[in-house]
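Q: I should like to take a close look at a single part of this protein and then see how the rest is arranged around that part. Please explain each step in plain terms.
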Amino acid sequence: MMERKVRLKTVNQFITCYICKGYLVDSTTITECLHTFCKSCIVKYLEEKNTCPKCQIEIHQSYPLNYISFDRTMQDIVYKLVPKLQEKESKRIQDFYRKKGLPVPSANDNEENGFEYKKPQNQDSQDDDMHRSDEQVNICLECKASNLKNLKRRFLRISSQATITHLKKFVSFKIYNNVNRFKDVDILCNEEILGKDHTLKFVAVTRWRSRDTPLLLHYRQRVADL
């Protein structure tokens, strides 16, 4: 089979963000219409609107951020097609965190920031670590509903890589004694329902202004879609 070279500009329309017009970084797809944008672009956009910026379809009347998801396949394609984009983005992110006085993300943050990460040879021993070597986030998890019980231990220290879905499963196990009921739980920060794929690192940086106090989150029984 003969190989044929393709100019990058012929595929640019498929690997660039409709909002910022740059190459996709932390590719995030709207599950309702499958249009993809940079994560920072679409999150900022959906803080004020509830429609897809490209096709204008209504994502959700109240909680559009719950219907976006990290698209690893697309991000891998972009990094393979665009020379040195991954290295430049990695440096830009590290420079940003240093400027803000925040801990620089490690290789373990690859899913959140798009870093290439090679697993160590002693993978079996890493599994026994239970993510204790990860950057940790202190959170305070409080009940937001009178019909649910409070947790006995509301202060937790968790890996920054943990997602809101992990927290929902934890709460579900504690209050329902059934981890499979995690979809019946909402997790909120500053009265805003958090998306299931948000990591605690992302929430702490974008939703919590105080670095000296634990990240305050609330849980409640899930409100049915309107």
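In helix α4, by about how many helical turns are D95 and R98 separated?

A: The model discussed here is a predicted one. D95 and R98 are separated by about one helical turn, because they lie 3 residues apart in helix α4. Their side chains meet in a salt bridge, with a distance of 3.8 Å from N to O. In general, side chains of opposite charge can pair when their charged atoms come close.

D95 has a further partner in K91, and in this salt bridge the closest N and O atoms are 2.9 Å apart. K91 also belongs to helix α4, and D95 and K91 are 4 residues apart, again about one turn of the helix. As for accessibility, D95 has a relative accessible area of 36%, so it is partly exposed. K91 reaches 54% relative accessibility and therefore counts as exposed, since the cut-off for that term is over 50%.

These pairs belong to a wider set, for the structure holds 11 salt bridges. Another of them joins the side chains of D197 and K196, at 3.3 Å from N to O. D197 counts as partly exposed because its relative accessibility is 28%, and K196 is likewise partly exposed, with a value of 38%. Elsewhere, E47, E192 and R207 are joined into one network by salt bridges that share partners.

Helix α4 also has a part in the largest pocket, which has a volume of about 780 Å³. This pocket is lined by 25 residues, and those closest to its centre are S40, R92, F96, F202 and T206. Helix α4, which spans residues 85–100, is one of the elements that each supply at least two residues of the lining; the others are α2, α5 and α8. The largest contribution comes from α4, with 6 residues. In character, the lining comprises 11 nonpolar, 3 polar and 11 charged residues.

D197, already met in a salt bridge with K196, is also among the residues that line the largest cavity, together with T28, K39, L65, I68, S69, F70, G195 and H198. The volume of this cavity is about 70 Å³. Strand β3, residues 68–70, provides the largest share of the cavity lining, namely 3 residues. By type, the cavity lining divides into 3 nonpolar, 4 polar and 2 charged residues.

The nonpolar interior may be considered last. The largest nonpolar core contains 24 residues, among which L217 and Y219 touch the most other members. Two or more residues come to this core from each of β4, β5, α7, β6, α8 and β8, and α7 gives the most, with 5 residues. A second, separate core has 23 residues, including L46, Y79, V82 and F202. F202 has thus appeared twice, as it is also one of the residues closest to the centre of the largest pocket. To return to the largest core, L217 touches residues that include I139, L141, L167, I187, L200 and V203, leaving aside those up to four places away in sequence.

Technical notes: Residues numbered from 1 in each chain as written. Predicted model: local features only at pLDDT ≥ 70, side-chain atom pairs only at ≥ 80, totals over all residues. Heavy atoms only, no water. 1 Å grid on protein atoms, 1.4 Å probe; cavity = no way out; pocket = protein on both sides within 12 Å on 5 of 7 lines; lining within 4 Å. Points joined across faces, edges and corners; volume = space filled by probe spheres on them. Nonpolar A, V, L, I, M, F, W, Y, C, P; charged D, E, K, R; others polar. Core = buried A, V, L, I, M, F, W, Y, C linked by side-chain atoms within 4.5 Å. Buried < 20%, exposed > 50% of the residue type's maximum accessible area, 1.4 Å probe, protein only. Contact = heavy atoms within 4.5 Å. Salt bridge = Lys/Arg side-chain N within 4 Å of Asp/Glu carboxyl O.
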